[in-house]
Amino acid sequence: MLLGSAAWAPAATASESPEDQVVALVNEARAKVGCSAVTVDPRLTQAAAGHSADMANRSFFDHTNPDGVTFDQRIKNAGYPEPGAENIAQGQRTAAEVMDGWMGSAGHRANIEDCSLKTIGVAVSETGNYWTQDFGR
């Protein structure tokens, strides 16, 4: 169940990508609980993009792919040494919608509000709207 999107209406401009809008919204949420902003790391973005595309291409929805590869393995395979957490979602069409879903879920919200996480990578597939948000320490 999604919360009303007004709670997470992007402050970002329409010219920003959905991924950039998610990062901005994550940092807004983190600021409200006293966490520092996360910064985008290209290795985490690569891991997130690969997972979103994989879920879309193979029609699955899970943190572990059908070959048994876990989120932390994907992050390390992309060259990032300290995986932190992963949030996934499917079907939401906008950054505001996906953030509503994540902030309305205790586990996903805990990842977003975890002050020990310092970096992020976000990706959404063009097919099926599979979202992946990878965090690093």
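Visitor: How many of the residues of E3 are buried, and is the strand enclosed by the rest of the structure or open?

Guide: This is a predicted model, and in it 6 of the 6 residues of E3 are buried, so the strand is largely enclosed by the rest of the structure. To read such a strand, look at which way its side chains point: Thr-119, Gly-121 and Ala-123 point one way from E3, whereas Ile-120, Val-122 and Val-124 point the other way, and all of them are buried.

Visitor: Which strands pair with E3, and in what sense do they run?

Guide: Pairing is read from the bridges between strands. E1 is joined to E3 by 2 bridges, and these two strands run parallel, with Thr-39 having Thr-119 as its bridge partner in E3. E4, which covers residues 130-136, pairs with E3 in the antiparallel sense over 6 bridges, and here Val-122 has Gln-133 as its bridge partner in E4. E3 and E4 form a hairpin with 5 residues between them, and in the turn Gly-128 has a positive phi of about 80 degrees.

Visitor: Where do these strands sit in the order of elements along the chain?

Guide: The protein has 5 helices and 4 strands, and from the N terminus on its elements run α-β-α-α-β-α-α-β-β. Among contacts between residues at least 6 apart in sequence, 66% join residues at least 24 apart.

Visitor: Which cysteines form a disulfide, and which parts of the chain does the pair link?

Guide: A disulfide is read from the distance between two sulfur atoms and from the rotation about the bond that joins them. The structure holds 1 disulfide, formed by Cys-35 and Cys-115 with their sulfur atoms 1.9 Å apart, and with -80 degrees about the S-S bond the link is left-handed. The pair links distant parts of the chain, 80 residues apart, since Cys-35 lies in the loop between helix H1 (18-32) and strand E1 (39-40), while Cys-115 lies in the loop between helix H5 (106-112) and strand E3 (119-124).

Visitor: Is each of these two cysteines buried or exposed?

Guide: Cys-35 has 8% relative accessibility and therefore counts as buried, whereas Cys-115, at 33% relative accessibility, counts as partly exposed.

Visitor: What does the side chain of Thr-132 make a polar contact with?

Guide: For a polar residue, accessibility and contacts are best read together. Thr-132 has its place in strand E4 and counts as buried because its relative accessibility is 0%. Its side chain makes a polar contact with the side chain of Ser-52, at 2.9 Å. Leaving aside neighbours within four places in sequence, Thr-132 is in contact with residues including Ala-48, His-51, Met-55, Glu-86 and Asn-87, and also with Gly-121, Val-122 and Ala-123.

Visitor: Which residues of the largest nonpolar core touch the most other members?

Guide: In soluble globular proteins, nonpolar side chains tend to be buried together. Here the largest nonpolar core has 20 residues, of which Val-22, Val-26, Met-99, Trp-102 and Ile-112 touch the most other members. H1, strand E2 (83-90), helix H4 (95-103), E3 and E4 each supply at least two residues of this core. Not counting residues up to four places away in sequence, Trp-102 touches Val-22, Ile-88, Ala-89, Ile-112 and Trp-131, among others, and its contacts also include Asn-87, His-108, Arg-109 and Gln-133.

Visitor: What share of the residues of the protein counts as buried?

Guide: Of the 137 residues, 44% count as buried, while the accessible surface comes to about 6500 Å², with 51% of that area belonging to carbon and sulfur atoms.

Technical notes: Residues numbered from 1 in each chain as written. Predicted model: local features only at pLDDT ≥ 70, side-chain atom pairs only at ≥ 80, totals over all residues. Heavy atoms only, no water. Disulfide = S-S within 2.5 Å. Buried < 20%, exposed > 50% of the residue type's maximum accessible area, 1.4 Å probe, protein only. Pairing = 2+ DSSP bridges. Polar contact = N/O pair within 3.5 Å; in protein donor to acceptor, adjacent residues only side chain to side chain. Contact = heavy atoms within 4.5 Å. Core = buried A, V, L, I, M, F, W, Y, C linked by side-chain atoms within 4.5 Å. Areas by Shrake-Rupley, 256 points an atom, 1.4 Å probe, with all protein chains shown as cover.
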